[in-house]
Amino acid sequence: MQVVEVKHPLVQHKLGLMRAKDISTMEFRTLTREVGSLLTYEATKDLELEEVEISGWNGPVKVQRIKGKKVTVVPILRAGLGMMDGVLEHIPSARISVVGIYRDEETLKPVPYFSKLAGDIQERLAIIVDPMLATGGSLIETINLLKSKGCTSIKCVVLVAAPEGIKALQEAHPDVELYCASVDDHLNEHGYIIPGLGDAGDKIFGTK
Ligand SMILES: O=P(O)(O)OC[C@H]1O[C@H](OP(=O)(O)OP(=O)(O)O)[C@H](O)[C@@H]1O
Ligand SMILES: O=c1cc[nH]c(=O)[nH]1
Ligand SMILES: [Mg+2]
């Protein structure tokens, strides 16, 4: 599995701001979208281009245009919604395939509760967004669902990933790509990423 930790200074600076204890809901939400946007820039660097001729201001001109597959963004509810607009900034025509999964606080197992996928998802590149990859259960469950509908091209974009979650993802789905701003140190006994960001969903939605 390809794992890319994006070391760009803007990404690292913004992620650092997100780790502050007393960050406001507004700041956390804004930074989630901004880092999501920067990671998307990196995650789409291999999209295929084709040359086409258009009418330019001074006559015909050859330009580059994205050729490859169409895209669907897959936010995992709730926290993934915070990154969705960061993807859409770059790919405004993308379809949105929403997956609702929460993590049971006791068992840490993923609990699916909603899905509404693009009807032609088997023809699309799926870019899954969720700020946190902890045990990996939520992301693995989401990929299981997408693959069961015929989707074969999947990239995952997360802000922070735990080594334990990366290992689980690698074992379950070695064919996907993972982009993150940081591979953090470990999971604590409650399944929270250390140093991590805390509960990303609560911070984005202001529900603590
Ligand atoms: O890798 P895992 O161990 O599955 O944990 C990661 C998941 O946990 C969080 O969601 P949460 O269950 O808190 O739901 P929320 O987004 O509604 O807050 C997070 O946004 C991921 O979806
Ligand atoms: O650290 C973590 C782990 C799971 N979900 C979060 O929001 N944060
Ligand atoms: Mg949460």
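The following exercises, each with a worked solution, concern a predicted model of a protein chain.

**Exercise 1. Confidence and overall form**

Determine what mean pLDDT the chain has, and establish how its radius of gyration relates to the globule rule.

Solution.
Step 1. The chain has a mean pLDDT of 97, and 100% of its residues reach 70 or more. For the complex, the predictor gives an ipTM of 0.98 and a pTM of 0.97.
Step 2. Six helices and 13 strands make up the secondary structure elements of the chain. The radius of gyration is 18 Å, close to the 17 Å that the globule rule gives for 208 residues, so the chain is as compact as a globular protein of that length.
Step 3. The C-alpha trace spans about 65 × 35 × 30 Å along its principal axes.
Step 4. Of the 208 residues, 38% count as buried. Among contacts in the chain with a separation of 6 or more, 65% are accounted for by residues 24 or more positions apart.

**Exercise 2. The annotated domain**

State which residues the UniProt domain annotation covers, and describe the secondary structure of that span.

Solution.
Step 1. In the unreviewed UniProt entry, the annotation "domain: Phosphoribosyltransferase" covers residues 6–207.
Step 2. Residues 6–207 are 32% helix and 33% strand. The end C-alpha atoms of this span lie 29 Å apart.

**Exercise 3. The largest nonpolar core**

Identify the residues with the most contacts inside the largest nonpolar core, and the strand that gives the most to it.

Solution.
Step 1. The largest nonpolar core comprises 53 residues, and Ile127, Ile128 and Val157 have the most contacts inside it.
Step 2. Strand S10, residues 153–161, gives the most to this core, contributing seven residues.
Step 3. Take Ile127 as an example. Beyond the residues up to four places away in sequence, Ile127 touches Ala43, Val71, Val73, Val74, Val87, Lys155 and Val157.
Step 4. A general tendency provides the context: in soluble globular proteins, nonpolar side chains tend to be buried together.

**Exercise 4. The surroundings of helix H3**

Explain why helix H3 is described as largely enclosed, and name elements that cover its buried residues.

Solution.
Step 1. Helix H3 consists of residues 81–88, and six of its eight residues are buried, so the helix is largely enclosed by the rest of the structure.
Step 2. The buried residues of H3 are Leu81, Gly82, Met83, Met84, Gly86 and Val87.
Step 3. Their cover includes helices H2 (25–43) and H6 (200–205), together with strands S4 (70–77), S5 (95–96), S8 (124–129) and S10.

**Exercise 5. Two annotated binding-site residues**

Arg78 and Thr135 belong to the UniProt "binding site" annotation. Decide whether Arg78 is buried or partly exposed, do likewise for Thr135, and list the contacts of Arg78 and of Thr135.

Solution.
Step 1. The unreviewed UniProt entry includes Arg78, Arg103, Thr135 and Asp199 among the positions of this annotation.
Step 2. Arg78 is placed in the loop between S4 and H3. It has 17 C-beta neighbours inside 10 Å and therefore counts as partly exposed. Apart from neighbours within four places in sequence, Arg78 is in contact with Gly201 and Phe205.
Step 3. Thr135 is placed in the loop between strand S9 (132–133) and helix H4 (137–148). Thr135 has 21 C-beta neighbours inside 10 Å, and the threshold for burial is 20 or more, so this residue counts as buried.
Step 4. Not counting residues up to four places away in sequence, Thr135 touches Leu108, Glu164, Gly165, Ala168, Leu187 and Gly191.

**Exercise 6. Backbone geometry**

Locate the peptide bond at Leu77 and Arg78 and give its omega; then do so for Ile194 and Pro195, and examine the phi of Leu108.

Solution.
Step 1. As a reference, most residues other than glycine have a negative phi, and most peptide bonds are trans.
Step 2. The bond from Leu77 to Arg78 is cis, with omega near -10°.
Step 3. Ile194 and Pro195 are joined by a cis peptide bond with omega about 0°. Pro195 lies in the loop between strand S13 (193–194) and H6.
Step 4. Leu108, a residue other than glycine, has a positive phi near 65°. Leu108 lies in the loop between strands S6 (98–103) and S7 (110–116). With 14 C-beta neighbours inside 10 Å, Leu108 counts as partly exposed.

Definitions and conventions. Residues numbered from 1 in each chain as written. Chains lettered and ligands numbered in written order. Predicted model: local features only at pLDDT ≥ 70, side-chain atom pairs only at ≥ 80, totals over all residues. Core = buried A, V, L, I, M, F, W, Y, C linked by C-beta atoms within 7 Å. Buried ≥ 20, exposed ≤ 12 C-beta atoms within 10 Å, placed from the backbone. Helix = DSSP H or I, 4+ residues; strand = E, 2+ residues; numbered from the N terminus. Contact = placed C-beta atoms within 7 Å. pLDDT = per-residue confidence, 0-100. UniProt positions renumbered as here; feature names shortened; annotations may be inferred. Rg over C-alpha atoms; globule rule 2.2 N^0.38 Å.
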